[in-house]
Amino acid sequence: MWQLGTLGAGNHYAEIQVVDEIYNEFNARKMGIEEIGQVCVMIHCGSRGLGHQVATGVCVQFSFHHVNLELI
């Protein structure tokens, strides 16, 4: 398998994903997911404090505090 780099040890990962179904259009749009076939990237690097700070800033910026993230 070809690799582009590393995110660190443990369960850290980066995934390139393609949207094949949207369960809730309103919530999906809030996260920039707008159409079937859209390519998305999910990254987990376990940064704890920094990760929380960045995620909180993004959630506030995009008003995710209103979003039900159960089925997106």
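**Exercise 1. Confidence**

In the protein chain, in which helix is confidence lowest, and in which is it highest?

*Solution.* The structure is a predicted model, and confidence is expressed as pLDDT, on a scale from 0 to 100. Begin with the chain as a whole: its mean pLDDT is 77, and 68% of its residues reach 70 or more. Then turn to the individual elements. The lowest confidence belongs to helix 2 (residues 49-61), with a mean of 75, and the highest to helix 1 (residues 25-30), with 92. A general caution applies: predicted coordinates should not be read in detail where pLDDT is low.

**Exercise 2. A salt bridge**

Determine how many salt bridges a search of the whole structure finds, and describe the partners.

*Solution.* The search finds one salt bridge. Its partners are Glu-25 and Arg-29, whose closest N and O atoms are 3.2 Å apart. This value satisfies the criterion, because the side-chain nitrogen of Arg must lie within 4 Å of a carboxyl oxygen of Glu. Next, locate the residues: both lie in helix 1, four residues apart, which is about one turn of the helix. Finally, consider the surface: Glu-25 and Arg-29 are both exposed.

**Exercise 3. A nonpolar patch**

Identify the residues of the nonpolar patch on the surface and the elements that contribute two or more of them.

*Solution.* The patch is formed by Ile-16, Val-18, Val-39, Val-41 and Ile-43, which together have about 530 Å² of accessible area. The elements giving two or more residues to this patch are strand 1 (13-18) and strand 2 (39-44). Strand 2 supplies the largest share, three residues.

**Exercise 4. Two residues of strand 2**

Classify Val-41 and His-44 as buried, partly exposed or exposed.

*Solution.* Val-41 and His-44 are both found in strand 2. Val-41 has a relative accessibility of 56% and therefore counts as exposed, the cut-off being over 50%. His-44 has a relative accessible area of 27%, so this residue is partly exposed. A further step concerns the position of His-44 in space: Asn-11 is 33 residues away in sequence, yet the C-alpha to C-alpha distance is 7.9 Å.

**Exercise 5. A residue in a loop**

Describe the surroundings of Gln-38.

*Solution.* Gln-38 is placed in the loop between helix 1 and strand 2. A polar atom of the Gln-38 side chain lies 2.7 Å from the backbone nitrogen of Glu-34. When neighbours within four places in sequence are set aside, the contacts of Gln-38 are with Gln-17, Val-18, Val-19, Gly-32 and Ile-33. One of these, Val-18, also belongs to the nonpolar patch of Exercise 3.

Methods: Residues numbered from 1 in each chain as written. Predicted model: local features only at pLDDT ≥ 70, side-chain atom pairs only at ≥ 80, totals over all residues. Heavy atoms only, no water. Patch = residues over 30% accessible without salt bridge, like charges linked within 9 Å, V, L, I, M, F, W, Y side chains within 5 Å. Areas by Shrake-Rupley, 256 points an atom, 1.4 Å probe, with all protein chains shown as cover. Buried < 20%, exposed > 50% of the residue type's maximum accessible area, 1.4 Å probe, protein only. pLDDT = per-residue confidence, 0-100. Polar contact = N/O pair within 3.5 Å; in protein donor to acceptor, adjacent residues only side chain to side chain. Contact = heavy atoms within 4.5 Å.
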